[in-house]
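Reader: I am a first-year student, and I should like a close look at the side-chain pairs of one protein model. Would you take me through the aromatic rings and the charged groups in a connected way?

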Amino acid sequence: MIDWQALASAFHILGSSYSAWLLTIPGIALGMLGGAIPGVSSALILAIVLPATLWMSLLSALIFMTAIYTGAAFGVAIPAILMGVPGSPAAVATSFDGYPMTQRGEHNLALGLALAASTLGHMGAYLILFVFIGVISHAVLKLGPLEMLLLMLWGLTLIAALRGRYVSRSLLSGLLGILIATIGLSPRDVIRGTFDLPELLDGVPVVPAMIGLFAASELFNLAGASYLVQRSDLRTVSVRDIARGMLQALQHPVVILRGLIIGATIGGLPGVGAAVCNLVSYAETRRGDKHPETFGKGNPKGIIAAEAGNASSEAGSMATLLALGIPGGASSAVMLAALSLHDVTGGPQFLDASKDVVYAIILNNFVQGAIMLALGLGLIGLMANIIRIPVRVLIPVILVLATFGSYGLSGNMAGPATMVAFGLLGWFMQRHDYSVPACVVGLILGGKVENALLQTYQISGGWQLSYFAGRPIAMVLLVLLLFSLFSRPLMQTWRARRPALGAAPEENAIESV
């Protein structure tokens, strides 16, 4: 599976090209700082620096862009932990337990957990890519729109059980997100739900909506507080505690391993993206834990699982980009544009002809993991000082930044208006125990679910059962989907009946006496 001659050539390329190494540290730092700003995704940062890659070699350009990708994958976790505001959809699940830990004064520990899990997930996933890149490229080709549809629906049902007491309300929240995502032009060019507003023809802006659901709604809840962390003795930044959190992450190797396998696998599916990896990894860890009720209340395993899944998705996305020429998400789509600027097309031919370059990128990413660990340890200490800022100062600053970011993403007032509207919706959902994350996931996946549904209908010839029977992978995903929907109510029913069944013989024995 490993081409040893190409691997030796990759070592030679990296050893003789100092420019690629000089771009690694600035790339990680740029990605980390940019990702820490809510609404600034890795795709946006990569799009901004894309023109600069014209003056770089192909290897230097790809290394610089993967370094930004690596830094941003961790950077988005910083505001998710410190403020409960994910820097991008890829850090949604990180906020579930990260922000409660910050409110308890355990922000240093949470940041350390996230940094270690992100680093190990990144390096572990690239190790999988290093060994199995050929196998991965062939496996992805076997997945059609039916498998993609079932995978996304399965992910949505997993999210429904993440937060809130009522699974039915969480499912309803996810369906609401999908319904909102259908606003605008349909795949058949039918205008839906725009209320004659031309700004909605392209659909609801996802990132401003996500910022509103998470940031604005949380700021409404913080309005009466003095600081993010109430106790003054806990508003400290300790590198020692961050390092302790990094060591604590090493005590959960199974959680990290599960997260990186999920991230590398799902991240390699075209169009799915890191958000699904982040959420599915969290959901599976919560499902398999002995105390799932502690998740969402500051359980360290939640942060570890979410960040391992998020960081490892990069390797999966790069596998499909390099081996098939298919971007796994928005960030890898920008990288595909960088390849085209150098007159290179990703795919099997590129993999065969330039396997040494592919190995060089993978080897450099191992080093990127170590650099991110050291660089993150220094930058976290600086950015964690946000907990010392009074809420009366923090709220207007965040709202102004979020408003400018929303305007910059949409180019008109539709962005800020969307943020405000969804901020009110998020506040209402939190107050009545509806799942905000499930709504966000539905909003992110809605368009993809609709396209996959339409393609499946067209390919199957109108839902012909013979088409479904001939796709075993789809049958497995369907079983997992049904298990996710019905396993929890069945288990609750069984647990409720178990004490009653155990008590009946005792009552009969007492009566006989």
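Author: The following account begins with the chain as a whole and then turns to its rings and charges.

The model shown is predicted. The chain has 513 residues, of which 54% count as buried. Its secondary structure comprises 23 helices and 2 strands. Among contacts between residues at least 6 apart in sequence, 80% join residues at least 24 apart. The chain exposes about 22,400 Å², and carbon and sulfur atoms supply 67% of that area.

Let us turn to the aromatic rings. A pair of such rings is described by the distance of the centres and the angle of the planes. The structure holds 5 aromatic pairs. One of them joins Tyr 282 and Phe 295, whose ring centres are 5.8 Å apart and whose planes stand at 85° to each other. That angle makes the pair edge-to-face, because the term applies to planes over 60 degrees apart. Tyr 282 belongs to helix α14, which covers residues 274-288, whereas Phe 295 sits in the loop between α14 and α15 (300-324). The two residues are 13 apart in sequence, so their pairing ties together the helix and the loop that follows.

Are these two residues buried or exposed? Tyr 282 has a relative accessibility of 0% and therefore counts as buried. Phe 295, at 5%, is likewise buried, because the limit for that term is under 20% relative accessible area. Ring pairs also bring in Phe 96, so that Phe 96, Tyr 282 and Phe 295 are linked into a cluster.

A further aromatic pair is formed by Tyr 467 and Phe 468. This pair is edge-to-face, with 5.8 Å from centre to centre and 80° between the planes. Tyr 467 has a relative accessible area of 17% and is buried; Phe 468 is also buried, with a value of 17%.

A ring may also have a charged side chain over its face, and one example is found here. Arg 169 lies over the face of Tyr 434, at 5.2 Å from the ring centre.

This leads to the charged groups. Side chains of opposite charge can pair when their charged atoms come close. The structure holds 6 salt bridges, and three of them are described below.

Arg 192 and Glu 450 form a salt bridge in which the closest N and O atoms are 2.5 Å apart. Arg 192 is in strand β2 (residues 191-192) and Glu 450 is in helix α21 (residues 436-460), so this bridge links distant parts of the chain, 258 residues apart. Arg 192 counts as partly exposed, at 25% relative accessibility.

Arg 244 forms a salt bridge with Asp 241, and here the closest N and O atoms are 3.7 Å apart. Both residues belong to helix α12 (residues 239-249). Because they are 3 residues apart in that helix, about one helical turn separates them. Arg 244 is partly exposed at 46% relative accessibility, and Asp 241 is partly exposed at 25%.

Finally, Glu 106 is joined to Arg 104 by a salt bridge whose closest N and O atoms are 2.8 Å apart. Glu 106 has a relative accessible area of 29% and is partly exposed. Arg 104, with 37%, is partly exposed as well.

Note on methods: Residues are numbered from 1 along each chain as its sequence is written. This is a predicted model: local features need pLDDT of at least 70, side-chain atom pairs count only at pLDDT 80 or more; totals for chains, interfaces and linings use all residues. Side-chain values use heavy atoms; hydrogens and water are left out. Helices (H or I, at least four residues) and strands (E, at least two) are DSSP runs, numbered from the N terminus. Buried means under 20% relative accessible area, exposed over 50%, partly exposed in between (1.4 Å probe, protein chains only). Contact means heavy atoms within 4.5 Å. Accessible areas come from the Shrake-Rupley method with a 1.4 Å probe; for residues, only the protein chains shown count as cover. Rings of Phe, Tyr and Trp (its six-membered ring) pair if their centres lie within 6.5 Å; planes under 30 degrees apart count as stacked, over 60 as edge-to-face and the rest as tilted. A charge sits over a ring if NZ of Lys or CZ of Arg is within 6 Å of the ring centre and within 35 degrees of the ring normal. A salt bridge is a side-chain nitrogen of Lys or Arg within 4 Å of a carboxyl oxygen of Asp or Glu.
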